[in-house]
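Trainee: Could you take me on a close look at one part of this protein, the inside of it? I'd like to see how the packing, a strand and any empty space fit into one picture.

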Amino acid sequence: MSESKLPIAIFLSGSGRTLANLIRHRDEHGLPIDIRLVISSRDDVRGLDIAKNDGIPTRVVRKRDHRDPFEHSREMFDPCREAEVKYVVMAGYLNHVLVPNDFENRVINIHPALLPSFGGAGMYGHFVHDAVLKRGVKISGCTVHFVDNEYDNGPIIVQRSCPVKPDDDTDTLAARVFEQECLALPEALRTLL
């Protein structure tokens, strides 16, 4: 790959929608990324199929196989070191993993709300959108931020907003926020270049 492309790894736990979006932006919109590795927390997810179909090396690292959080972190980040990635993108990765010192400000996450609101342990996916609707806020969106060792706490890179409509349910709001995520993450990666 060209040296002008940002070498990244992707951590995921599910369908791979965010990975597919990054591949699309790479191929159709010239997003200058080199996806060198995908690591999944599960071996039965569509995200691994998307990676394999694109020729991206994959690994499965299950947290439950590692009682020591430092061992789990090594299993996640040693392959990233070997692949010489500059950044790790958490793309629907649902496990907490300790970020080692050499990856400080090199791990980014996309969260489906405008942090610091609606973040923290247990706040992911539909749980976030349900909380937004119950609170009655009028604007939601997404946040791309650096990951530290606290949930949804690191410095913000990009935020994008969208309205919360009176007739929204968790699915309709999730779809509208995901449209913003599909723009925010590529924007953040371009910023990191």
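Mentor: Happily; here is a walk from the core to a central strand pairing and on to a cavity. Keep in mind that this is a predicted model.

Let's begin with the packing. In soluble globular proteins, nonpolar side chains tend to be buried together. Here the largest nonpolar core has 38 residues, and I8, I10, L19, I35 and L189 are those with the most contacts inside it. Helix α5, residues 170–192, gives the largest share of this core, seven residues. Apart from that core lies another, of 17 residues, with A9, F11, I39 and F77 among them. To get a feel for the contacts, pick out I10: leaving aside residues up to four places away in sequence, I10 touches L19, L22, I35, L37, V38, I39, V89 and A91.

Now turn to strand β5, residues 107–111. Five of its five residues are buried. In a regular strand the side chains alternate between the two faces of the sheet. For β5, V107, N109 and H111 sit on one side and I108 and I110 on the other, and both faces are covered. What about the strands that pair with β5? Strand β4, residues 87–90, pairs with β5 in the parallel sense over three bridges, and M90 stands opposite N109 of β5. Strand β6, residues 139–146, pairs with β5 in the antiparallel sense over four bridges; there I110 stands opposite V144.

Stay with I110 for a moment, as this residue takes us to the empty space. Rolling a probe the size of a water molecule over the atoms shows where empty space is left. A search of the whole structure finds one cavity of 30 Å³ or more, and the space in the largest cavity comes to about 30 Å³. I110 is one of the residues that line the largest cavity, along with T18, N21, F178, E181, C182 and L185. Two elements give two or more residues to this lining: α1, residues 17–29, and α5. The largest share, four residues, comes from α5. By character, the lining residues divide into four nonpolar, two polar and one charged.

Putting the parts together, α5 gives the largest share of the largest core and also the largest share of the lining of the largest cavity. I110, meanwhile, is buried in β5, stands opposite V144 in β6 and lines the largest cavity. If you select I110 and α5 in your viewer, you can follow the whole walk from there.

Notes: Residues numbered from 1 in each chain as written. Predicted model: local features only at pLDDT ≥ 70, side-chain atom pairs only at ≥ 80, totals over all residues. Heavy atoms only, no water. Core = buried A, V, L, I, M, F, W, Y, C linked by side-chain atoms within 4.5 Å. Buried < 20%, exposed > 50% of the residue type's maximum accessible area, 1.4 Å probe, protein only. Contact = heavy atoms within 4.5 Å. Pairing = 2+ DSSP bridges. 1 Å grid on protein atoms, 1.4 Å probe; cavity = no way out; pocket = protein on both sides within 12 Å on 5 of 7 lines; lining within 4 Å. Points joined across faces, edges and corners; volume = space filled by probe spheres on them. Nonpolar A, V, L, I, M, F, W, Y, C, P; charged D, E, K, R; others polar.
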